[in-house]
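Reader: I should like to learn how to read a protein model feature by feature. Might we take each general idea and then its case?

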Amino acid sequence: QVQLVESGGGSVQAGGSLRLSCGASGYINNVNYMAWFRQVPGKEREGVAAMMSNDGNRWYDDSVKGRFTISLDNAKNTLYLEMNSLKPEDTAMYSCAARTPGSDYYGALIRDTYNNWGKGTQVTVSS
């Protein structure tokens, strides 16, 4: 089991930036994929960005390509999401996820791939 705690959310105006952090603890040596998802009320949780923890391969949803950057600091056991040029449609609850053995792989940005989740941090972008 891996414990994940997000921070860094808040309220910003359109065009602004935020950096989300996700601290990991527990059996982190077993983690092979990490990702950021977001969800708004009444909609499915969607994958925003993901990466492999060992070789650094990255995936981004088309809606955030060129604006968001996912990164991992292994020394600090922390996953980041740098968000620039924020838009009102980026408003959502952002959650961190990690995949450990025992979970089937459906794709790096697919919710069911991940079996460890944080509680989330709210991001609100005003126009």
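The dialogue that follows takes up a sheet, a disulfide, a buried aspartate, a glycine and the nonpolar cores.

Author: One caution precedes the rest: this is a predicted model.

Reader: How should a sheet be read here, and in what order do the four strands of the open sheet run?

Author: One begins with the order of the strands and the sense of their pairing. In this structure four strands form an open sheet with the order 1-3-8-7, and they pair in the antiparallel sense. Strand 1 (2-7) and strand 7 (68-73) are the edge strands, each pairing on one side only. On average, neighbouring strands of the sheet are turned by 20 degrees against each other, direction ignored.

Reader: Over how many bridges do strand 3 and strand 8 pair?

Author: Strand 3 (residues 18-26) and strand 8 (residues 78-83) are joined antiparallel over six bridges. One may also follow a single residue across such a pairing: C22 has L79 as its bridge partner in strand 8.

Reader: Which residue forms a disulfide with C22?

Author: A disulfide is read from the sulfur separation, the torsion and the places it connects. The search of the whole structure finds one disulfide. C22 forms it with C96, the sulfur atoms lying 2.1 Å apart. The torsion about the S-S bond is about -75 degrees, so this disulfide is left-handed. The pair links distant parts of the chain, with C22 in strand 3 and C96 in strand 9, 74 residues apart.

Reader: Is C22 buried or exposed, and is C96 buried or exposed?

Author: Burial is judged by relative accessible area, with under 20% as the cut-off. C22 has a value of 0% and is therefore buried. C96 also counts as buried, because its relative accessibility is 0%.

Reader: Where does D90 lie, and why does D90 count as buried?

Author: For a residue of this kind, one reads location, accessibility and partners in turn. D90 sits in the loop between strand 8 and strand 9 (92-99). D90 counts as buried because its relative accessible area is 1%. Its side chain makes polar contacts with two arginine side chains: that of R38 at 3.0 Å and that of R67 at 2.8 Å. Leaving out residues up to four places away in sequence, D90 touches R38, R67, F68, S85, V123 and V125.

Reader: Which residues does G118 touch, apart from those up to four places away in sequence?

Author: Contacts in space can join parts of the chain that are separated in sequence. G118 occupies the loop between strand 10 (116-117) and strand 11 (121-126). Beyond its sequence neighbours up to four places away, G118 touches L4, E6, S95 and C96. G118 is buried, since its relative accessible area is 12%. The C-alpha atoms of G118 and A24 are 9.2 Å apart, although their positions lie 94 residues apart along the chain.

Reader: How many residues has the largest nonpolar core?

Author: In soluble globular proteins, nonpolar side chains tend to be buried together. Here the largest nonpolar core has 26 residues, and those with the most contacts inside it include W36, L79 and Y94. Among the strands that each supply at least two residues of this core are strand 4 (33-39), strand 5 (46-52) and strand 11. Apart from this core lies another, of eight residues, among them Y33, F37, A97 and Y114.

Reader: What is in contact with Y94, its neighbours within four places in sequence aside?

Author: Outside that range, the contacts of Y94 include E6, W36, R38, F68, M83 and T121.

Terms used. Residues are numbered from 1 along each chain as its sequence is written. This is a predicted model: local features need pLDDT of at least 70, side-chain atom pairs count only at pLDDT 80 or more; totals for chains, interfaces and linings use all residues. Side-chain values use heavy atoms; hydrogens and water are left out. Two strands pair if DSSP finds at least two bridges between them. Axes are lines fitted to C-alpha atoms, for helices over the stretch in contact, and angles run from 0 to 180 degrees between N-to-C directions. Buried means under 20% relative accessible area, exposed over 50%, partly exposed in between (1.4 Å probe, protein chains only). A polar contact is a pair of N or O atoms within 3.5 Å; within protein, one must be able to donate a hydrogen and the other to accept it, and residues adjacent in sequence count only if both atoms are side-chain atoms. Contact means heavy atoms within 4.5 Å. A disulfide is a pair of cysteine sulfur atoms within 2.5 Å. A nonpolar core is a set of buried Ala, Val, Leu, Ile, Met, Phe, Trp, Tyr and Cys residues joined through side-chain atoms within 4.5 Å.
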